[in-house]
Structures are given as structure tokens and as C-alpha cells.
Amino acid sequence: MKIHIPNSVWLGNINPFLASFDPSDPDSLDLTVNEKWFSVHPVVLAMIASVGVNVDASRIRCAKLEAKSRYYLQRMGLFHALKIDGGMDDITEHEPAGRFIPLTQIHTADDLSSFVANMIPLLHLPAEHAKTIGYIMSELGRNVIEHARTSEGAFLCAQYYQKSNTIRIGIADTGIGIKEAISQSHSVSTDAEAIRLALTPGITGVTSREGGNDVNAGAGLFFIKSIAQANRDFFILYSGSTLYKLLKRTSSSRLRLFADPFKDRHSLQTDLPYWQGTMVGIDINLDDTKEFILLLDAIHEVYIKAIQERKKARYKKAKFV
Amino acid sequence: MKKINIVEYVGAFAENKDKARALRLQEIVPALEQGQDVVLDFNGVDAATQSFIHALISEILRQYGSDILERITFKSCVPAVRKMIEIVVEYTQEGMTD
């Protein structure tokens with residue numbers, strides 16, 4: 001595999017970076033970076049960690065890094081995740097409070113619960129913001145544990161950017177991917193169709209029954225996309241060869257949630273290198289974070305309407321001659 | 001009447017749905033089966049995910065029907081938890097009326 005980190009990768013401009021990913025030869029990883037500097041979204045680090053964790057350290061080649069870049073990757077825990085020496089023995093690590101959550105591998109629900117509990121104080125956020133971030137982390141992590149079917153679990157990380165007052169969150173896994181997960185209960189032929197269903201409230205891969213089963217409602221990703229939508233932030237979902245990107249709302253546009261993610265302002269790229277698994281990235285601008293209760297009101301309305309419309313679509317029609 | 005203090009099982013952030021499922025199967029359902037009413041006390045719970053609330057109550061509604069809500073009381077819910085419960089209760093009932 002080959003991954004090249006250019007000098008800037010954010011959710012808004014992530015497409016060329018993903019297009020440059022070379023998934024061939026999964027037993028080796030060739031990691032190169034922009035020689036002068038780089039600045040990347042946490043989802044990039046989660047992606048590298050999740051593909052690299054199964055590669056023998058002797059088969060990971062990491063380009064010579066400029067000191068500042070090396071320091072950043074060390075602090076975010078990438079070298080530790082890849083089990084390689086970043087050449088940083090001489091640095092003193094400071095307590096990360098208020099700035100970032102380093103790469104963390106989650107295997108079980110208990111791992112996830114302790115991660116979320118420990119993470120919230122690290123970010124030093126006001127209570128309302130902490131609830132939103134904890135909610136996102138918990139639901140995204142849970143999705144992997146339940147649906148990805150991978151022994152490696154998920155890699156999560158996040159970073160707070162003071163200048164933009166934004167939390168950026170990334171999670172990646174190398175599990176079965178959304179198409180295979182959704183296909184267990186629904187007929188889909190493309191990654192894009194599967195992503196569409198995965199983001200639609202009330203639809204889950206574990207059952208074809210409306211509203212899910214006793215522990216799965218098929219609502220987690222819809223809630224998270226809605227949080228991004230309400231806050232005018234980016235949200236991406238990459239699985240198989242398809243990237244769904246929720247685009248930012250303009251500041252003047254009214255909040256309107258849709259059950260069908262293809263009705264949201266979005267972009268879709270279906271010809272990317274195959275990602276065996278799922279990646280999710282989200283930005284939350286803390287200036288704009290809507291009160292969670294108001295968001296829930298909006299979600300409530302859309303969710304119920306979606307169920308009612310799907311029921312109505314199944315009604316038998318009168319025959320006229 | 002059986003009172004269940006949710007915070008004792010899951011802490012201030014109710015997100016672990018394995019624990020929600022266990023609470024339902026080991027505490028709530030047996031109490032209902034014995035004819036007891038159930039109080040789910042959310043005092044001390046600051047937030048709950050939709051997944052948690054779904055795993056806690058949706059199957060009870062499906063199994064016993066909507067009337068079971070007359071025997072379950074949700075106590076001391078902060079507004080966000082209350083709203084989440086309302087969402088789950090409503091979408092579960094919508095899904096039941098096929």
C-alpha cells in the first residue's frame with residue numbers, strides 16, 4: 001500500500017488525497033509526506049493507523065520527516081499504532097488536555113465507554129459541547145464494533161483547532177464495509193446505494209424490519225450526519241470505492257434535515273481506490289453548535305416523517321379501470 | 001413497584017447499549033412479568049444516546065404493546081434525555097403499526 005500525505009488534507013479537499021491511495025500489496029505500507037510541512041484532518045491518521053496496524057513493522061517504510069511533522073505524528077500516536085520507531089525518544093510529551101485525542105484503538109463496548117469517559121475531560125469543553133462530541137464518538141465507535149466484523153476494531157482520534165474553534169473527528173476501520181453490512185438485509189448493488197441506506201433513519205443491516213431489532217434502530221449515522229448538518233459542518237463517509245460528503249450549508253440557509261442523504265447538499269465520488277472498510281470524518285464548529293435539544297426536535301420530526309412515508313409507500317393502491 | 005437508578009449501571013453518559021440490553025432483560029422485563037410497575041430513574045444521567053434508549057425500551061414496546069407505557073415511568077430526565085426517550089417511543093410505535 002502507498003499513502004502520500006500532501007501538505008493539506010481537510011474534509012473539504014480530501015478527494016485528491018483519497019484518490020492517491022494505493023491499496024495494492026496490503027502486506028506493506030509506504031508512507032510519504034510533503035517534505036516541508038503538512039496539516040491534516042484526524043481521519044487521515046485514523047486511516048493510516050487502521051491499514052497499517054496489520055502490516056509487519058519491518059514492511060512499513062516511512063519517509064524521512066521534518067522534525068515538526070515527526071513530532072506531530074508522534075503526539076497523535078501514529079508511530080505507536082504502527083509499532084514503528086518515530087525517532088522521537090528525546091522529546092518530552094506534554095499532557096494533551098484541551099487540544100487533541102490521540103489515536104485510540106477500540107475493540108469492545110467497554111473500551112468505547114472508557115474511551116468516551118476519559119476523552120471528554122481531555123477536551124475541556126463546555127458541557128453542551130462535550131455531550132455532542134461524546135455522542136458522536138460513542139455512536140461511531142459502536143457502529144464499528146457491531147457492524148464492521150473486524151478483529152482490529154476501530155481507530156479514532158480528534159483534534160481541537162483553536163483558530164477555527166472546531167473539533168475535527170476521524171474514525172476508520174478495515175472491516176466488511178457498508179455495502180456488505182447493508183446487503184445482509186437489503187438489496188443493494190453499489191457502494192453508493194449502500195451508503196444511502198446506511199444514512200437513512202430506520203434502516204439497518206441487521207434486519208429488514210422497519211425500525212430495526214431490539215438493539216439496532218438504524219439511526220446512528222443519521223443522527224451524526226444531522227449534527228453536522230445542523231452545525232453547517234462537513235461530514236464524510238468513505239466505504240468501498242465511494243465517498244459521500246455532506247457539504248457545508250451556507251450561513252444564510254435555513255436548517256432542513258432530510259431522511260434521504262442524497263437530498264442534502266452533498267457530493268458523491270464513486271471511482272476512488274477501494275477502501276476495505278469504512279471511514280468517517282466530521283467537523284464540529286463550536287461557535288455554531290446548536291443546542292442539542294433543538295437538534296433533537298428537528299431529528300424527531302424528520303425521523304417520524306420518514307417512517308410514515310415508507311409505510312405509506314407500502315400501502316396497496318386502489319385499482320381503477 | 002421496581003425502581004431502577006440508571007446512573008448506577010451506566011454513569012452520567014448513558015451510551016453503552018450492551019448495558020441497556022442487560023438492564024432490560026435482567027431488571028425491567030422480569031419486573032413487568034411479575035406484574036410490577038417500573039420506574040426508570042435518570043437522576044444523574046446528563047446525556048443518553050439514541051442507541052442506548054433504543055436498546056433499553058424499544059423491544060419492550062414491541063413485545064408488550066404500547067399500553068406497557070402505562071406501567072413504566074421515566075423519572076428525573078434532563079431535557080435531552082427526555083427528548084431522546086420521546087423519539088424512541090414514537091418511532092417504535094410508528095414501526096409497530098404496520
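In this predicted model, the side chains of A:Ser8 and A:Trp10 are joined by a polar contact of 3.3 Å. A:Ser8 also reaches the side chain of A:Asn13 through a polar contact of 3.3 Å. Leaving aside residues up to four places away in sequence, A:Ser8 touches A:Asn13 and A:Ser39. The residue belongs to strand β2 of chain A, which spans residues 8–9. Is A:Ser8 buried or exposed? Neither label fits: its relative accessibility is 24%, and because buried requires under 20% and exposed over 50%, A:Ser8 counts as partly exposed. For a sense of scale, the C-alpha atoms of A:Ser8 and A:Asp111 are separated by 31 Å, with their positions 103 residues apart along the chain.

**Aromatic pairs**

Let's turn to the rings. Over all chains, the structure holds 9 aromatic pairs. Two of them, both in chain A, are set out here.

| Pair | Centre to centre | Angle between planes | Class |
|---|---|---|---|
| A:Phe21 and A:Trp275 | 5.7 Å | 55° | tilted |
| A:Phe38 and A:Tyr72 | 6.2 Å | 75° | edge-to-face |

The pair of A:Phe21 and A:Trp275 links parts of the chain 254 residues apart: A:Phe21 sits in the loop between α1 and β3, and A:Trp275 in strand β12. A:Phe21 is buried at a relative accessible area of 5%, and A:Trp275 is buried too, at 1%.

What makes the pair of A:Phe38 and A:Tyr72 edge-to-face? Its planes stand at 75°, and the class applies because an angle over 60 degrees counts as edge-to-face. A:Phe38 lies in the loop between β3 and β4, while A:Tyr72 is in helix α3, 34 residues away. A:Phe38 is buried, with 11% of relative accessible area.

There is also an aromatic cluster that draws on both chains: A:Tyr135, A:Phe222, A:Phe223, A:Tyr303 and B:Tyr91.

**Where the chains meet**

The contact between the chains involves 35 residues of chain A and 31 of chain B. About 2,700 Å² is buried between them, with carbon and sulfur atoms giving 55% of that area. On chain B's side, B:Lys17, B:Lys83 and B:Glu94 supply 19% of the area it buries against chain A, more than any other three residues.

How many salt bridges cross the interface of chain B and chain A? The rule finds 7; one example joins the side chains of B:Asp18 and A:Arg142 at 2.7 Å, N to O. The interface also has 19 residue pairs in polar contact. Within chain B, α2, β4, α3 and α4 each supply at least two residues of the touching side, and α4(B) gives the most, with 10 residues. By class, that side of chain B has 14 charged, 9 nonpolar and 8 polar residues.

Conventions:
Residues numbered from 1 in each chain as written. Chains lettered and ligands numbered in written order. Predicted model: local features only at pLDDT ≥ 70, side-chain atom pairs only at ≥ 80, totals over all residues. Heavy atoms only, no water. Contact = heavy atoms within 4.5 Å. Buried area = accessible area lost by both parts, 1.4 Å probe. Salt bridge = Lys/Arg side-chain N within 4 Å of Asp/Glu carboxyl O. Polar contact = N/O pair within 3.5 Å; in protein donor to acceptor, adjacent residues only side chain to side chain. Helix = DSSP H or I, 4+ residues; strand = E, 2+ residues; numbered from the N terminus. Nonpolar A, V, L, I, M, F, W, Y, C, P; charged D, E, K, R; others polar. Buried < 20%, exposed > 50% of the residue type's maximum accessible area, 1.4 Å probe, protein only. Phe/Tyr/Trp six-rings, centres within 6.5 Å; stacked < 30°, edge-to-face > 60°.
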